[in-house]
Amino acid sequence: MLEKLSTILTAVEIANAKKRVKYRHANVRHEHDDCVRIAYQWLDAQMPTKRMLRRTYPLRDIIEIWGGRHIAVSDVEVAAELHPRIRGKYPHFNISARLTFPSGRRLANIAEARTQDYKLTTYHIVQTYGGIEEP
């Protein structure tokens with residue numbers, strides 16, 4: 001999978017995607033372009049499905065814990081817009097309900113990753129994820 005691992009999303013790609021997204025809320029707030037990159041990498045690790053998630057997961061919170069950086073729902077929406085395999089509206093994307101814990105290598109070239117309250121624990125991984133991406 002590691003689709004865009006070596007190629008980081010550019011500021012122009014992110015800015016254009018922000019214009020295309022039909023946001024869930026009127027109050028749109030973005031944290032940082034790196035937050036979109038973190039969310040993109042998390043989504044890229046997930047297994048795409050034909051159907052949308054029925055169960056509602058706190059995806060923003062899950063991504064935030066993995067990435068170690070506060071992320072806005074709007075950032076996740078932009079990441080989904082940019083990803084070629086992801087469809088749907090937050091939080092009901094076409095990803096498997098058996099979430100995949102992404103490799104930490106996905107964050108290597110993202111400067112803002114793991115710069116804030118990094119709360120990732122073994123308990124969180126066991127409770128949240130059904131599989132682990134190979135390093």
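Which helix does H124 lie in? I looked this up first, in what is a predicted model.

**Entry on H124**

I found H124 in helix α5, which covers residues 122–128. I then asked whether H124 is buried or exposed. Its relative accessible area is 13%, and the limit for buried is under 20%, so H124 counts as buried. Leaving out residues up to four places away in sequence, I noted that H124 touches I62, I65 and Y129.

**Entry on the nonpolar core**

I looked up the largest nonpolar core and recorded 34 residues in it. Those with the most contacts inside this core are I38, W42, L82, F93 and Y129. I listed the elements that give two or more residues to it: α1 (11–20), α2 (33–45), α3 (59–67) and α4 (73–82). The largest share, 7 residues, comes from α2. I set beside this a general remark: in soluble globular proteins, nonpolar side chains tend to be buried together.

**Entry on F93**

Because F93 is among the core residues with the most contacts, I examined F93 on its own. At 1% relative accessibility, F93 counts as buried. Beyond residues up to four places away in sequence, F93 touches L43, R51, M52, L53, L59, V76, A80, I86, R87 and G88.

**Entry on aromatic pairs**

How many aromatic pairs are there? I recorded 2 aromatic pairs. In one of them, the ring centres of Y90 and F93 are 6.2 Å apart and the planes stand at 70°, so I entered this pair as edge-to-face. Y90 is buried as well, with a relative accessible area of 10%.

F101 and Y129 also form an edge-to-face pair, with 5.1 Å from centre to centre and 70° between the planes. I located F101 in strand β3 (residues 100–101) and Y129 in the loop between α5 and β4 (131–132), so this pair ties together parts that are 28 residues apart in sequence. Both F101 and Y129 are buried.

**Entry on the largest pocket**

Which residues line the largest pocket? I listed R20, V21, K22, E77, A80, E81, I86, R87, G88, K89, Y90 and F93. Y90 and F93, the edge-to-face pair noted above, are thus included in this lining. The volume of the pocket is about 160 Å³. I noted that α4 and β1 (88–89) each supply at least two lining residues, and that α4 gives the most, with 3 residues. By type, I divided the lining into 5 nonpolar, 1 polar and 6 charged residues.

Notes
Residues numbered from 1 in each chain as written. Predicted model: local features only at pLDDT ≥ 70, side-chain atom pairs only at ≥ 80, totals over all residues. Heavy atoms only, no water. Core = buried A, V, L, I, M, F, W, Y, C linked by side-chain atoms within 4.5 Å. Buried < 20%, exposed > 50% of the residue type's maximum accessible area, 1.4 Å probe, protein only. Helix = DSSP H or I, 4+ residues; strand = E, 2+ residues; numbered from the N terminus. Contact = heavy atoms within 4.5 Å. 1 Å grid on protein atoms, 1.4 Å probe; cavity = no way out; pocket = protein on both sides within 12 Å on 5 of 7 lines; lining within 4 Å. Points joined across faces, edges and corners; volume = space filled by probe spheres on them. Nonpolar A, V, L, I, M, F, W, Y, C, P; charged D, E, K, R; others polar. Phe/Tyr/Trp six-rings, centres within 6.5 Å; stacked < 30°, edge-to-face > 60°.
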